[in-house]
Amino acid sequence: MPVLDAHRTIDAVWKLESARIVAALTRMVRDVGLAEELAQDALVAALEQWPATGVPDNPGAWLTAVAKRRAVDHVRRSRRLTLQQEQLAHELEQQRDVEPGPSSGPEQDDLLRLIFISCHPVLPPEGRIALTLRLLGGLTAQEIARAFLVNEPTVARRIAAAKRTLAEERVPFTLPEGPELAGRLSSVLEVVYLIFNEGYSATSGDDLMRPGLCHEALRLGRLLAELVPDEAEVHGLLALMEIQESRSAARTGPAGEPVRLDEQNRGRWDQLRIRRGFTAMLTARRIGGTPGPYVLQAAIAVCHAQARTAEETDWEQIAALYELLARLLPTPVVQLNRAVALGRARGPQAGLAVADALAADPALRDYHLLPSVRGDLLLGLGRREEARLEFQRAAALTGNAAERAFLHRRADGIAPAAAPGPTLGGAAAEFLAREDLDAGTVRSYGQTLRRLGLALGERRPLSTVTPEEVARTFAATWGDTAAATWNRHRSAVRSFGAWAGADDLADGLARRAGPGHRTLPLGPDQLAALWSSPGPAPRELALWRLLHESAAAVRTVLALNVEDLDLEDRRARAGDGWVSWRGTARLLPGLLAGRSRGPLFLAGRRPGPARTPGPADLCPHTGRGRLSYERAEYLFKRATRELDPAGEGFTLGRLKPGS
């Protein structure tokens, strides 16, 4: 048999059988990671033997038998054999040359156990998804990485971490029962639907959809429906995915651009998938019980599928279903979908009221569909300029290239209002380009203004930005931060507003009171111990001495450049003022090492290609970037742990001498 044909057959069989084999082995060895390794051994054996001997009549049974033999050998070698394992090994030894027949009840139970383990709540969502696709979908780490647009080592680490966590937490290879089953089942359904959603509406990349992930999710959904036939939510999820997938061919135009639901050619909807979805929905209804979130979402999908034209859609029924769903699952995304339904059923103003109430929700801070939905509703109210700006803001937030281009086209299709004046993004860029701002201030202010631009729109006319909108942005972004962080961002807005002639921008931002104690400077004994310590590198020692002698802010000192130094007068230009020192003078020549330009304090190594700083923060002599505040703070805390009674180390601010 040709080698290429054998390998193709092995790939196809492995896709179908790998999950069942791993499930059976997990029941034997009680370790998902080990079970997969044993299954891979069987796959290697097939790759070695089948090209020479031919594919066996029952290739799945052949792989299962070989994998179980590997498990028997492992059990025999294990030092931690229990009596039960010895018996299992003996029984399987008797069947060494007997090929198993079709899947039996216990094997189905093993597969169900494997699903519940791979989607266990002890794992983070990304770990559940990666492990599920690996064990139950048979996808390689490379295929998963390609589907989610991450690198292969990242996926491999997620899978390895998930297996390690399951082993460390001693997650049993058993099916949950009673109330635990319902809770664990919701985690399984969530993982399957997350996989489907990433395929149906890709969050990043060039393409709107990734069909391979949709197909894997549908396969897992059908498998769950077979394994758990009496759970309405399982059939509800399957119905929802089948009906949504039925629209795939109509969701994109000739160039891959998105086509909105009400503009789709419904003749291109897949009627076979719709019938499958209806059948699954009927099964869920026959099972009965209180409708869960997936059954309700499937009912909404049925409403869309039953309408022969967009105009015939029963939006009142859809709005009523979203009301029920919002009570059961009051998430911001559900509320946003409810806003769309209300806008269609009862007018755009009703939908806009719900959407506007979500503006301050931190969960939707970077969710591009919120401004997109607001744009649609504003357009329905005739507020075209506001709608144009919302579509532009949505385009800036999305990571998907096809969706970004679509949103830009929608914005460009609305003629801009005459003479809008300076935009928020343009004014911010001009403000940050001022020569009187040092590099540290530019970085700090830039963080605040970039976030403001994302939240309110870079192209938004500055004259239309209100204090209420700024306050909502602060509440969503920095509402839970420390007082110092809140006040720093508030100060940036106040400075920007004063410069731009918009003094009221920060009117809704009250200054927060910090902790009720003053940071005490280090005492003489602590300083003496620090200066005499053999550990600090010349860079750290020079920085600490300079901070102590100059009493300047940490960010100001870190922003100093070599060309700003006046070594003879022991001072350096910092904005409109000077930073002065005394004993540090003997440390600086060695720190400069012949450099004439660039940052004074450099990072320990060159930055990676994806993290290259701007020219102002890059040394032209060494290629290294400016030492960051975070790194400098970490190094000082590490060096002062032994001096701190609490053992945590001190902050750089404690180097400033007392008054």
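How many of the 659 residues in the protein are buried? Buried residues make up 47% of them, and the legends below start from that overall picture of a predicted model.

**Figure 1. The whole predicted model, with 28 helices and five strands.** Before zooming in, it helps to take in the full chain. The accessible surface of the protein comes to about 32600 Å², and carbon and sulfur atoms account for 51% of that surface. Among contacts with a separation of 6 or more, 63% join residues 24 or more positions apart.

**Figure 2. A patch of positive charge on the surface, built from four arginines.** Here you will find Arg-605, Arg-631, Arg-638 and Arg-641 gathered together. To get your bearings, look for Arg-638 in helix H28, which covers residues 629-639. The relative accessible area of Arg-638 is 45%, so this arginine counts as partly exposed, a class that lies between the buried limit of 20% and the exposed limit of 50%.

**Figure 3. A patch of negative charge on the surface around Asp-503.** The members of this patch are Glu-468, Asp-503, Asp-504 and Asp-507. Asp-503 belongs to the loop that runs between helix H23 (483-500) and helix H24 (524-531). With a relative accessible area of 60%, Asp-503 is exposed, because that class takes in residues over 50%.

**Figure 4. Asn-561, a buried loop residue.** Follow the chain from helix H26 (554-558) towards strand S3 (565-566), and you will meet Asn-561 in the loop between them. Its relative accessible area is 16%, so Asn-561 is buried; the cut-off for that class is under 20%. Leaving aside residues up to four places away in sequence, the neighbours that Asn-561 touches are Gly-598, Pro-599, Leu-600, Ala-616 and Arg-626.

**Figure 5. Thr-423 and the stretch of chain that it touches.** This view is centred on the loop between helix H19 (401-412) and helix H20 (424-432), where Thr-423 lies. Which residues does Thr-423 touch, not counting those up to four places away in sequence? They are Glu-458, Arg-459, Arg-460, Pro-461 and Leu-462. For Arg-460, the C-alpha to C-alpha distance to Thr-423 is 5.2 Å, although the two are 37 residues apart in sequence. Even with these contacts, Thr-423 has a relative accessibility of 25% and therefore counts as partly exposed.

Technical notes:
Residues numbered from 1 in each chain as written. Predicted model: local features only at pLDDT ≥ 70, side-chain atom pairs only at ≥ 80, totals over all residues. Heavy atoms only, no water. Patch = residues over 30% accessible without salt bridge, like charges linked within 9 Å, V, L, I, M, F, W, Y side chains within 5 Å. Areas by Shrake-Rupley, 256 points an atom, 1.4 Å probe, with all protein chains shown as cover. Salt bridge = Lys/Arg side-chain N within 4 Å of Asp/Glu carboxyl O. Lys, Arg positive; Asp, Glu negative; His and termini not counted. Charge placed at Lys NZ, Arg CZ, Asp CG, Glu CD. Helix = DSSP H or I, 4+ residues; strand = E, 2+ residues; numbered from the N terminus. Buried < 20%, exposed > 50% of the residue type's maximum accessible area, 1.4 Å probe, protein only. Contact = heavy atoms within 4.5 Å.
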